[in-house]
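Biologist: Before we discuss this model, I would like each label we use to be set against the rule behind it. Could we go through it in that way?

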Amino acid sequence: MAKVRINKYISQCGYASRRKADELVKDGKVSVNGKIIDEPGFLVDEDEDCVKIENKLLSQKANNLYYVLNKPLGYLSSNSDPHNALLARDLIRYKGHLFSVGRLDSDTEGLLIYTNDGDFANIMTHPSYEISKKYEVLIDGFLDDETKGKIEKGLKIEDYITKECKIDIKKRTKKSSRLTIVISEGKNRQIRKMFEEVGFSVIALRRLTHGKITLDGVAEGKYREFSREELEYVQFIKNKY
């Protein structure tokens, strides 16, 4: 008799990440043995209990799937949105359940992972694991070395201080600077807010990597399955954490 938290069980079934699973529980959409539960810490027996989400029976027998999508501008990361017809999920032809690993705003392009592996998604997105992400950024002005160092050390934005990051300047003129930035957190519109804090506006933003997952071989608007090396990375971090 193996008992686990309901959010972990849901993620193991490939239905949603643990954080999303908590939301489903709080919204009263999860039942165990026919009874709606509302406690995210609820324990279920993996072998005996019948778990459903909106009357859909969950099973842990599904194979894990992993896709890299090169998200174009204008597309949302959400699986559904009644007010927007451009959904990144729709660019992947697989019809089964998938969810994005983190999010990209509609005005941010680049690498977006889709999977049905909730444990992998949790590791890749939870701040405590500090999985790095690399972005290409174009800003509207000359980024001097002093300001660059200030950003790298961490900035106070709203109610938090950003963690240390790494900036590599590729080209800068009086009118603009092109650079890459590596961060290990991903708060809402964080990179844009970081540069706004020191007086710049972000003109273009593109995610290049997430952990060791890259955009190699993926044209804009296209996707591919994880490579053998990337699947080995999945197993490595799942075993590590």
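**Labels and the reasons for them**

Modeller: Let us start with a pair of residues, in a model that is predicted: Ser31 stands opposite Lys52 in E5.

Biologist: How do you know that strand E2 and strand E5 are joined?

Modeller: Strands count as paired when at least two bridges are found between them. Strand E2 (residues 30-32) and strand E5 (residues 51-53) run antiparallel and are joined by three bridges, so the requirement of at least two is met. The two belong to an open sheet of four strands, ordered E3-E2-E5-E6, in which the pairing is antiparallel.

Biologist: Why are strand E3 and strand E6 said to stand at the edges?

Modeller: Strand E3 (35-36) and strand E6 (56-57) each have a single partner strand, so one side of each is left without a neighbour in the sheet.

Biologist: In the loop between E5 and E6 lies Glu54; why is Glu54 called exposed?

Modeller: The label requires over 50% relative accessible area, and Glu54, at 52% relative accessibility, therefore counts as exposed. Glu54 also has a positive phi, of about 50°, although it is not a glycine.

Biologist: What makes Glu158, in the loop between strand E11 (156-157) and strand E12 (160-161), count as exposed?

Modeller: At 53% relative accessibility, Glu158 is over the cut-off of 50% and so counts as exposed. Glu158, which is not a glycine, has a positive phi of about 55°.

Biologist: Why is Asp140, by contrast, called partly exposed?

Modeller: Buried means under 20% and exposed means over 50%; Asp140 has 36% relative accessibility, which lies in between, and so counts as partly exposed. Asp140 is found in the loop between E10 and helix H4 (145-153). Although Asp140 and Ser201 are 61 residues apart in sequence, their C-alpha atoms are 5.7 Å apart in space. Leaving aside neighbours within four places in sequence, the contacts of Asp140 include Lys175, Ser176 and Ser201.

Biologist: And why is Ser11, in helix H1 (residues 6-12), called buried?

Modeller: Ser11 has 1% relative accessibility, under the limit of 20%, and therefore counts as buried. Beyond four places in sequence, Ser11 is in contact with residues including Ala16, Arg18, Asn116 and Asp119.

Biologist: What makes strand E9 largely enclosed by the rest of the structure?

Modeller: Seven of the seven residues of E9 are buried, so the strand is described in that way. E9 pairs with E7 in the antiparallel sense over six bridges, with Asn70 opposite Leu111 in E9. The pairing of E8 with E9 is also antiparallel, over two bridges, and there Ser100 stands opposite Tyr114 in E9. E9 and E15, however, pair in the parallel sense over two bridges, with Gly110 opposite Arg207 in E15.

Biologist: Why is strand E10 described as mostly covered?

Modeller: Strand E10 (residues 133-139) has five buried residues out of its seven, and buried means under 20% relative accessible area, so the description follows from that count. E10 pairs with strand E14 (residues 177-183) in the antiparallel sense over seven bridges, Glu136 standing opposite Thr180 in E14. Seven bridges also join E10 to strand E15 (residues 202-210), and these two run antiparallel; here Val137 stands opposite Leu205 in E15.

Biologist: Which residues have the most contacts inside the largest nonpolar core?

Modeller: That core has 29 residues, and those with the most contacts inside it are Val137, Ile151, Ile181 and Phe195. Strand E7 (66-71), strand E9 (109-115), E10, E14, helix H5 (190-197) and E15 each give two or more residues to this core. Apart from it lies another core, of 18 residues, among them Phe99, Val101, Phe226 and Tyr233.

Biologist: How do you know which element gives the largest share of the lining of the largest pocket?

Modeller: The answer is a count of residues: H2 supplies five, the largest share of that lining. The largest pocket holds about 1000 Å³ of space, and of its 44 lining residues the closest to its centre are Ser100, Val101, Gly102, Arg103 and Thr125. By type, the lining divides into 15 nonpolar, 17 polar and twelve charged residues.

Terms used. Residues are numbered from 1 along each chain as its sequence is written. This is a predicted model: local features need pLDDT of at least 70, side-chain atom pairs count only at pLDDT 80 or more; totals for chains, interfaces and linings use all residues. Side-chain values use heavy atoms; hydrogens and water are left out. Buried means under 20% relative accessible area, exposed over 50%, partly exposed in between (1.4 Å probe, protein chains only). A nonpolar core is a set of buried Ala, Val, Leu, Ile, Met, Phe, Trp, Tyr and Cys residues joined through side-chain atoms within 4.5 Å. On a 1 Å grid over the protein atoms alone, a cavity is a set of points where a 1.4 Å probe fits but cannot get out, and a pocket is an open set with protein on both sides within 12 Å along at least five of seven lines; lining residues have an atom within 4 Å of a point. Grid points are joined across faces, edges and corners, and a volume is the space filled by probe spheres set on the points. Ala, Val, Leu, Ile, Met, Phe, Trp, Tyr, Cys and Pro count as nonpolar, Asp, Glu, Lys and Arg as charged, and the others, Gly among them, as polar. Contact means heavy atoms within 4.5 Å.
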